[in-house]
Amino acid sequence: MRFIDDKSLERLGFRKLLTRVETLSPYGKAKLKKLKNYLRGEEQLLEEEFVKMEVFMNFSEENKNLIRDIEGIIHRLKDIKTVVNNCLKENILDDVDLFEIKAQALLMEELNLLLKKLPEELKDFDLESMEEMIDALDPDKDRLPTFYVYDSYSLGLKMVRDKKKDVEKRIFAAKSFEEVSQLKEERLEILVEEEREELEVRKQLTSILLKKAEGFLKNIDKIGNLDFLMAKVRFAKTYGGIRPEISINNEIDVAGLVNIEVREMLEAKSKAFTPIDVKLGSGVTIITGANMGGKSVALKTITENLLLFHMGFFVIAEKAKFPLVDFVFFISDDMQDISKGLSTFGAEIMKLKEVNIFLDLGTGFVVFDEFARGTNPKEGQKFVEALAKYLNDRPTISLMTTHFDGIVGDNMNHYQVVGLKNVDFENLRRKIELSKNSMELIQEYMDFRLEKADKAEVPKDALNIAKLIGIDKRFTEIILEEYIKED
């Protein structure tokens, strides 16, 4: 069973968010690229990952020079897994391959000395010793990151090279063209013999390295995990991430939850992001409020942080409790698929059909943003009301926004955007009359907080916004008459 579909990730902009996670090595980058989700039943594994991150975060604050040295070594590592795998296949390694292995083995030994200074909780990152491998590649024990098929590997090789040097001296001292030509022929035969001896040495070295190749690959895996963990810690430090609590009761309880991209966009305009405070549990939660009230941003903020949690990241909040779920769906009103000839509503129904299959297979997290907006209001209201009742009987955590009245049942969780409820409309209207940008002023006065609500009706902020912007007086009177009829 897949966890989340690509379309949902695209609508959330989650892949773009992950580009902010900066790894230092190709091994860490591979871990990020093949990022896996923790699923229900893996709570202990996720808890262990959070412990490691918290320990590393605290340790790094007090040992910045050590962490900088570790990062410096990891940053120098190249991806040589292919070379090591060739060794495992018993392919004879060439000089460049042997150089790459020696250089990285030396870095692993240097890194391991630093890793031994990490706290006990991080001992999983200790590497296997590569001394035996280095000794094989460095018979003269100079411990330099270079490689050459040394004379000391083979007496026969040394003798051949001595013969080559002697011939080269004689070529240099020769007086006649005939003598030079004869000596060059002799040197050519020696070179063939030298290549044969060097090949034997490389065969022997490949055989020796084969014994340590598995350990080398294990070290690569550990380095990748460490690099990725450090990247997650840097991400948390940069954006204000905190260690979340793992819920065992299938509930979400968050305070000060933040959407990074929206927060940065607002800060660029010298505006503040309103963090999300919300409690969700099994069944359905309905969010109502004005169209300008940030309901969609709230949905994306909750879902984005739930995904970060599932992937072993700290979440961007003041406090947070999330459960592990089996699947995630994020269904919004941009579902239109022209290539399949579907309307927005048709695409939503197709997705609902898929959701229904998953609801029978496990416990997940499902979001519907303004479901059925793309059909006529009377039918749309009936569909949304039916969907809310249907989801409320399921153990899955479901979250819906709607602009329809009468959707929230007595046993449903209901949040409402505060919106313009507490605004002094006369004061705001006067400011709008003096301003050239009424919409921006309304946004400034809009309260984007979510509050628990008992009423099943959707607030009438749309009417208030229309009146503030300044629609025709007679038109306003007609609308008010319609509202009175409803009441």
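This note goes through the nonpolar cores, the four-stranded sheet with its covering helix, and two residues of helix α4 in a predicted model.

1. The largest nonpolar core comprises 108 residues, and those with the most contacts inside it are Ile70, Phe216 and Phe365. Helix α10, which spans residues 177-239, gives the most to this core, contributing 17 residues. Because domain 1 (23-239) and domain 2 (242-459) both give residues to the core, it lies between them.

2. Phenylalanine 365 deserves a closer look. When its neighbours within four places in sequence are left aside, phenylalanine 365 is in contact with Ile252, Leu280, Ile302, Thr303, Leu306, Val325, Phe327, Val328, Phe329, Thr396, Ile397 and Leu399. Apart from the core already described there is a second, separate core, made up of 23 residues, with Val355, Phe368, Leu391 and Val408 among them.

3. The sheet to be considered is an open one of four strands, in which the order is β2-β7-β3-β4 and the pairing is mixed. Its edge strands are β2 (245-247) and β4 (276-280), each of which pairs on one side only. On average, and with direction ignored, neighbouring strands of this sheet are turned by 25° against each other.

4. Strand β3, residues 252-257, pairs with β4 in the antiparallel sense, and the pairing extends over four bridges. Within this pairing, aspartate 253 has lysine 279 of β4 as its bridge partner, while leucine 257 stands opposite isoleucine 276 of β4.

5. In a regular strand the side chains alternate between the two faces of the sheet. Strand β4 shows such an alternation: Ile276, Val278 and Leu280 point to one face and are buried, whereas Asp277 and Lys279 point to the other face and are not buried. Leu280 also appears among the contacts of phenylalanine 365, and Lys279 is the residue that bridges to aspartate 253.

6. Helix α12 (residues 295-310) packs on the sheet, where it touches β2, β3, β4 and β7 (319-323), and its direction makes about 70° with that of β7. The helix is mostly covered, since 13 of its 16 residues are buried. From its first C-alpha to its last, α12 reaches 23 Å, which is close to the 22 Å expected for its 16 residues at 1.5 Å a residue. Glycine 312, whose phi is positive and near 80°, follows α12. Ile302, Thr303 and Leu306 are among the residues in contact with phenylalanine 365.

7. Turning to helix α4 (residues 43-62), phenylalanine 56 is found there and is buried, with a relative accessible area of 3%. With its neighbours within four places in sequence left aside, phenylalanine 56 is in contact with Ile67, Leu122, Leu226, Leu229, Met230 and Val233. Its C-alpha atom is separated by 8.9 Å from that of glutamate 121, although the two residues are 65 residues apart along the chain.

8. Lysine 52 is likewise found in helix α4. At 19% relative accessibility lysine 52 counts as buried, because the cut-off is under 20%. Again leaving aside neighbours within four places in sequence, lysine 52 is in contact with Glu121, Leu122, Asp124 and Leu229. Leu122 and Leu229 are also among the contacts of phenylalanine 56.

Terms used
Residues numbered from 1 in each chain as written. Heavy atoms only, no water. Core = buried A, V, L, I, M, F, W, Y, C linked by side-chain atoms within 4.5 Å. Buried < 20%, exposed > 50% of the residue type's maximum accessible area, 1.4 Å probe, protein only. Domains from an automatic or database assignment. Contact = heavy atoms within 4.5 Å. Pairing = 2+ DSSP bridges. Axes fitted to C-alpha atoms, helices over the stretch in contact; angles between N-to-C directions. Expected span 1.5 Å × (residues − 1).
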